[in-house]
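Morning, everyone. I have one model to show you today, and I'll keep it short. Have a look at it first.

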Amino acid sequence: MNIAENLTELKNTLPSYVSLVAVTKTKPVSDIMEAYDVGHRVFGENKIQEMESKWREMPKDVQWHMIGHVQRNKVKYMAPFVHLIHAVDSLKLLKEINKEAEKNSRVIKCLLQVKIAEEDSKFGMGEADALQLLASEEFKKFKNISVIGLMGMATFTDNEVQITNEFQKLKKFYEQHQNAFQFTTLSMGMSSDYNLAIANGSNMIRVGSAIFGERNYN
Ligand SMILES: *Cc1c(COP(=O)(O)O)cnc(C)c1O
């Protein structure tokens with residue numbers, strides 16, 4: 001695996017308005033530093049403790065994105081440094097993030113994860129619930145969070161028509177409410193589907209294995 005080469009080639013193909021979160025879960029710091037050394041600074045992890053330990057080890061100009069499901073009792077571990085939390089799916093979780101952000105005198109940026117996959121996925125909010133959250137009085141009182149957009153994951157399938165439909169659905173929802181909520185960020189697309197995601201409105205992709213190679217979970 002030539003990480004630097006994979007990363008550089010991928011970045012050269014991306015439109016300038018698309019930002020790349022290089023997903024480093026399960027990968028050692030030595031691999032991540034290969035990407036760092038060719039100038040990349042934006043990395044994503046899906047487990048808070050793994051992200052925290054990498055944050056401690058690595059240079060402090062890295063922007064760490066939490067892309068996985070977040071348990072409320074672990075928010076405190078990332079609140080001092082996390083750059084963007086992608087998968088917020090409840091008001092209760094936002095409340096906890098707001099509380100921990102306040103303790104750290106920070107405003108933490110978040111995305112709401114919206115369910116787009118036809119498959120029955122556990123995570124993400126329905127569109128109506130997301131709107132209700134954004135319009136709620138409790139949400140409006142939170143001073144230490146900023147919801148800057150939406151995140152979605154398509155069904156894991158080879159069916160490009162289905163994936164396109166799912167991305168389209170989120171793009172449409174995003175555009176409908178972009179002005180009202182001042183959204184700037186639509187996070188969709190991973191190694192297998194980032195081209196489709198960009199073609200369907202994504203401006204932030206989360207790519208791991210296409211840069212760092214397959215993950216080994218043993
Ligand atoms: C692991 C992960 C990715 C990246 O997956 P790849 O297929 O390796 O690119 C993107 N988004 C989320 C939420 C992930 O957990």
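The ligand occupies the largest pocket. Keep in mind that this is a predicted model. The volume of that largest pocket comes to about 890 Å³.

Now the walls. The lining of the largest pocket counts 34 residues. Which of them lie nearest the centre? Those are Lys-25, Met-153, Ala-154, Met-190 and Arg-206. Split the lining by class and you get 15 nonpolar, 11 polar and eight charged residues.

Next, the shell around the ligand itself. Start at the low numbers: Val-23, Lys-25 and Ile-67 are among its residues. Then come Met-153, Met-190 and Ser-191. The run Arg-206, Val-207, Gly-208 and Ser-209 is there too, and so is Arg-215. By class, the shell has five nonpolar, three polar and three charged residues.

On to the polar contacts. Where does Ser-191 come in? Its side chain puts an N or O atom 2.5 Å from an oxygen atom of the ligand. For Lys-25, a polar side-chain atom sits 2.6 Å from a ligand oxygen. Lys-25 is also one of the residues nearest the pocket centre. With Arg-215, the distance from a side-chain N or O atom to an oxygen of the ligand is 2.7 Å.

How much of the ligand does the protein bury? On its own, the ligand exposes 390 Å², and the protein buries 91% of that.

That's the ligand site. Over to you for discussion.

Methods: Residues are numbered from 1 along each chain as its sequence is written. This is a predicted model: local features need pLDDT of at least 70, side-chain atom pairs count only at pLDDT 80 or more; totals for chains, interfaces and linings use all residues. Side-chain values use heavy atoms; hydrogens and water are left out. A residue is near a molecule or strand if one of its heavy atoms lies within 4 Å of it. A polar contact is a pair of N or O atoms within 3.5 Å; within protein, one must be able to donate a hydrogen and the other to accept it, and residues adjacent in sequence count only if both atoms are side-chain atoms. Accessible areas come from the Shrake-Rupley method with a 1.4 Å probe; for residues, only the protein chains shown count as cover. On a 1 Å grid over the protein atoms alone, a cavity is a set of points where a 1.4 Å probe fits but cannot get out, and a pocket is an open set with protein on both sides within 12 Å along at least five of seven lines; lining residues have an atom within 4 Å of a point. A molecule sits in a cavity or pocket if more than half of its atoms lie within 2 Å of its grid points. Ala, Val, Leu, Ile, Met, Phe, Trp, Tyr, Cys and Pro count as nonpolar, Asp, Glu, Lys and Arg as charged, and the others, Gly among them, as polar. Grid points are joined across faces, edges and corners, and a volume is the space filled by probe spheres set on the points.
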